[in-house]
Amino acid sequence: MAEKILVENLRKQFHDNEVLKGINLSINEGEVVCVIGPSGSGKSTFLRCLNRLEKIDKGEVIIDGVNIADDSTDINLVRQHIGMVFQHFNLFPHLSVIENITLAPVDLGKLTKEEAQKKAIDLLDTVGLSDKSEAYPKSLSGGQKQRVAIARALAMNPDIMLFDEPTSALDPEMVGDVLNVMKKLAHKGMTMVIVTHEMGFAREVADRVIFIDEGQILEDTTPEQIFTNPQNERTKNFLDKVL
Ligand code: ADP
Ligand code: MG
């Protein structure tokens, strides 16, 4: 299996707050990795370093063989094949659903308008929102917005998808629809890194679960192992609180 993501001794600080204290990780093509850990432990910062939304202070982040920590790397090119989905959707409010989805591939010259429209229609079908293409974000539920956000990310044909707590802002009854879309994506072989509090999802869908605490990976293992027999005391304490 080809290595998609290699992180070596990644360090990041905000002023004197050291948030990532030497992260090491390798993720293969098609792997689904869930990242869990307490609030403030550095999960979002870690995820944002994977497409350099945060400046990388030290260490290496190698995506498909390209070190994005290197200032000379054209990060926009790398980002074109990394989709990201946030807790708060970040849809463009003044654009319809289909315009949200077609904007980036057309603007960046990846697809013609017609190709992008066709792709958007397919993607809306995939996320179960075929009837919403002309709707505006404000008329959608949180779960629908998040599924549009996923479709929008997929419109660029990414081969890596990053999710930062994609269901944390949703009403409970919306969570399942979004997780099901993510599950489909996982089964299609997408490489995925997912920060989540959905332990049931992590257990069912992840190939690996990573526990981050205070800026360090304390455990990196199978869902089976981490949920039934966590090795680290801090993992145990965390899981006792959330399970
Ligand atoms: P998590 O996602 O695990 O809750 P974060 O990565 O968001 O954790 O945050 C880790 C730490 O970094 C926290 O102490 C947070 O306050 C701090 N932090 C995150 N982003 C910034 C920022 N842009 N500026 C300053 N501090 C930040
Ligand atoms: Mg976070």
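Two strands count as paired if DSSP finds at least two bridges between them, and that criterion underlies the first stops of this tour through what is a predicted model.

**Stop 1: strand S3**

Select residues 32–36, which form strand S3, and colour them by burial: 5 of the 5 residues are buried, so that the strand is mostly covered. In a regular strand the side chains alternate between the two faces of the sheet. Following that alternation along S3, you will find Val32, Cys34 and Ile36 on one side and Val33 and Val35 on the other, with both faces covered and each of these residues buried.

Now bring in the neighbours of S3. Strand S9, residues 208–213, runs parallel to S3 and is joined to it by 4 bridges, while strand S8, residues 191–195, also pairs with S3 in the parallel sense, over 4 bridges. Cys34 is a convenient residue to keep highlighted here, since its bridge partner in S9 is Val209 and its bridge partner in S8 is Ile194.

**Stop 2: from S8 to S7 and S6**

Keep S8 on screen and add strand S7, residues 160–164; S7 and S8 pair in the parallel sense over 5 bridges, and one place to look for this pairing is Ile160, whose bridge partner in S8 is Thr191. Is S7 enclosed by the rest of the structure, or open to the outside? Because 5 of its 5 residues are buried, S7 is largely enclosed by the rest of the structure. Its two faces are both covered, with Ile160, Leu162 and Asp164 buried on one side and Met161 and Phe163 buried on the other.

Next add strand S6, residues 82–85, which runs parallel to S7 and is joined to it by 4 bridges. Ile160 is again a useful marker, being the bridge partner of Ile82 in S7.

**Stop 3: the largest pocket**

With Ile82 still selected, turn to the largest pocket, which holds about 570 Å³ of space. Ile82 is among the residues closest to the centre of this pocket, together with Arg79, Met84, Ala104 and Met156, out of the 21 residues that line it. Strand S6 gives the most to the lining, with 4 residues, and at least two residues each come from S6, helix H2 (75–79), helix H3 (97–107) and helix H5 (142–154). If you colour the lining by residue class, you should see 13 nonpolar, 6 polar and 2 charged residues.

**Stop 4: ligand 1**

Centre the view on ligand 1 and display the residues that surround it: Phe14, Asn17, Val19, Pro38, Ser39, Gly40, Ser41, Gly42, Lys43, Ser44 and Thr45. Which residues place a polar atom beside an oxygen atom of the ligand? For Gly40 it is a backbone N or O atom, which lies 2.7 Å from a ligand oxygen atom. For Lys43 a polar side-chain atom lies 2.8 Å from an oxygen atom of ligand 1, and for Ser44 a polar side-chain atom lies 2.9 Å from an oxygen atom of the ligand.

**Stop 5: the antiparallel sheet**

Select strands S1, S2, S4 and S5, which make up an open sheet of 4 strands in the order S2-S1-S4-S5, with antiparallel pairing. Strand S2 (17–28) and strand S5 (66–67) stand at the edges with a single partner strand each, so one side of each is left without a neighbour in the sheet. Between S1 and S4, which run antiparallel, there are 5 bridges, and Leu6 stands opposite Ile62 in S4.

While S1 (residues 3–14) is displayed, pick out Arg11, which is found in this strand and counts as partly exposed at 28% relative accessibility. A distance label from Arg11 to Ala149, C-alpha to C-alpha, should read 29 Å, for two residues that are 138 apart in sequence.

**Stop 6: two loop residues with positive phi**

Most residues other than glycine have a negative phi. Two residues to check against that pattern are Arg52, which has a positive phi of about 60 degrees although it is not a glycine, and Asn90, whose phi is near 55 degrees. Arg52 lies in the loop between helix H1 (43–49) and strand S4 (58–63). Asn90 is placed in the loop between S6 and H3, where it is partly exposed, with a relative accessible area of 42%.

Key. Residues are numbered from 1 along each chain as its sequence is written. Chains are lettered from A and ligands numbered from 1 in the order in which they are written. This is a predicted model: local features need pLDDT of at least 70, side-chain atom pairs count only at pLDDT 80 or more; totals for chains, interfaces and linings use all residues. Side-chain values use heavy atoms; hydrogens and water are left out. On a 1 Å grid over the protein atoms alone, a cavity is a set of points where a 1.4 Å probe fits but cannot get out, and a pocket is an open set with protein on both sides within 12 Å along at least five of seven lines; lining residues have an atom within 4 Å of a point. Grid points are joined across faces, edges and corners, and a volume is the space filled by probe spheres set on the points. Ala, Val, Leu, Ile, Met, Phe, Trp, Tyr, Cys and Pro count as nonpolar, Asp, Glu, Lys and Arg as charged, and the others, Gly among them, as polar. Buried means under 20% relative accessible area, exposed over 50%, partly exposed in between (1.4 Å probe, protein chains only). A residue is near a molecule or strand if one of its heavy atoms lies within 4 Å of it. A polar contact is a pair of N or O atoms within 3.5 Å; within protein, one must be able to donate a hydrogen and the other to accept it, and residues adjacent in sequence count only if both atoms are side-chain atoms.
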